[in-house]
Amino acid sequence: MRIKTRLIHGGIEGDPHTGAVSVPIYQVSTYKQEAIGVHKGFEYSRTGNPTRHALETYIAELEGGARGFAFGSGMAALSTILSLFNKGDHLVVGDDVYGGTYRVVTRVFSRLGLDATYVDTSDLKAVEAAIRPETKAIVMETPTNPLLKVSDIGALAEIAKAKGVLLVVDNTFMTPYWQNPLDLGADIVFHSATKYLGGHSDVVAGLVVVKDAQLGEELHYVQNAIGGILGPQDSWILLRGMKTLGIRMEEHEQNARTLAKWLSERSDIKRVIYPGLAGHSGHELIQKQARGFGGMISFDVGSAERADEVLAKVKYFTLAESLGAVESLISVPARMTHASIPAERRAELGITDGLIRISVGIEDVQDLIEDLEQALS
Ligand SMILES: *Cc1c(COP(=O)(O)O)cnc(C)c1O
């Protein structure tokens, strides 16, 4: 089955009891047992729920892993993954990861004795050098947020394997439609399904897929123990949204390519960052490991004041955190998604005050161009 067909027919189709084509919303907490421990596979909905199970089966199939898991948010998904580790363990984390990832590692898991070193994961030597005897995992994103730096998943997987550590990849920006980290050697892939997978700005959710069944057992243990699960209603909304992932991603990307090219031809933009542009540092690498470039663009208008002007004037770009929705969204990372990163660190990373990030929607690209044109001039 090819990916577009898998998106429609993957996982569990409909309901065998009624013939319903859509998986029903099993709004239920507990299940009747015929005798103690004798049941139809479900006992209590924290442990397992049929609607969530359909979603978990579906994402596992899309990412090509042994088992999938659904959580109440991307951060709940990551926190559950991090709960696999012990006090004294160490992580190597990308230095350009999602702000919330940085926050939960440095402010929450650090208190529980989980140590971390931040490195540029596109620098393989730096990653290797950061691995210590107590390192248990490399946690990375590619492309990163908001600088869209590309890291070599396959090469990092080799390093991880040689050192006996897990490779954990946040695949939110690419989605399984464009990139499959497990096929490239990663052990765990996770998503903020709030973004492209949901795609309609109407649900907060996180998904995880693990490559092997043993790790799947361990993660299910932690998922059930901690309980940050996704409810049946939201699981259904995600199942529904994901059916159109293929056509949405194609449109996002077409529009993003057109906009990135248009922006890069303007003299009043300091810098345009899009992996689909030939001048981007990860342009070759992303084509080796992914089937597309995605729908995210960052560009520098020079100053916070000019960024504010643009934000005030755009009509079709909604000023909002988040990304990956059908409608175009615009944000200023330094003051929004990355505000929790200290100013000096942002400067080090290149997240300037004039850096604008757009999540290109699926509107008519001509309207998007005209909108940015009037906002920039
Ligand atoms: C949004 C986001 C997260 C966090 O997910 P939530 O669903 O908001 O908890 C993690 N990683 C990336 C890349 C994100 O964009």
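**Exercise 1. Find the polar contacts of the ligand and judge its burial.**

Start with Ser192: an N or O atom in its side chain lies 2.8 Å from an oxygen atom of the ligand. That pair meets the criterion for a polar contact (N or O atoms within 3.5 Å; within protein, one must be able to donate a hydrogen and the other to accept it, and residues adjacent in sequence count only if both atoms are side-chain atoms). Next, take the burial. The ligand alone exposes 380 Å², and the protein buries 92% of that. Accessible areas use the Shrake-Rupley method with a 1.4 Å probe; for residues, only the protein chains shown count as cover.

Now turn to the backbone. A polar backbone atom of Gly74 is 2.9 Å from a ligand oxygen. For Met75, a polar backbone atom is also 2.9 Å from an oxygen atom of the ligand.

A note on the model: it is predicted, local features need pLDDT of at least 70, side-chain atom pairs count only at pLDDT 80 or more, and totals for chains, interfaces and linings use all residues. Residues are numbered from 1 along each chain as its sequence is written, and side-chain values use heavy atoms, with hydrogens and water left out.

**Exercise 2. Describe the shell around the ligand.**

Count first. The ligand is surrounded by 13 residues, where near means a heavy atom within 4 Å. The closest are Gly74, Asp170, Ser192, Thr194 and Lys195. Then classify. Five are nonpolar, five polar and three charged. Here Ala, Val, Leu, Ile, Met, Phe, Trp, Tyr, Cys and Pro count as nonpolar, Asp, Glu, Lys and Arg as charged, and the others, Gly among them, as polar.

**Exercise 3. Compare the linings of the two cavities.**

Set the terms. On a 1 Å grid over the protein atoms alone, a cavity is a set of points where a 1.4 Å probe fits but cannot get out; lining residues have an atom within 4 Å of a point. Points join across faces, edges and corners, and a volume is the space filled by probe spheres set on them.

The structure has two cavities of 30 Å³ or more. The largest holds about 40 Å³. Its lining includes Asp95, Asp96, Asp120 and Lys149. By class, that lining has one nonpolar, five polar and four charged residues.

The second largest has about 30 Å³. Among its lining residues are Leu148, Phe173, Phe293 and Met296. Six of the lining residues are nonpolar, two polar and none charged.

**Exercise 4. Relate the second largest cavity to the domains.**

The chain divides into domain 1 (3-242) and domain 2 (246-376), with bounds from an automatic or database domain assignment. Their contact takes 39 residues from domain 1 and 43 from domain 2, counting heavy atoms within 4.5 Å. The C-alpha centres lie 26 Å apart. Each domain gives at least three residues to the lining of the second largest cavity.

Methods
On a 1 Å grid over the protein atoms alone, a cavity is a set of points where a 1.4 Å probe fits but cannot get out, and a pocket is an open set with protein on both sides within 12 Å along at least five of seven lines; lining residues have an atom within 4 Å of a point.
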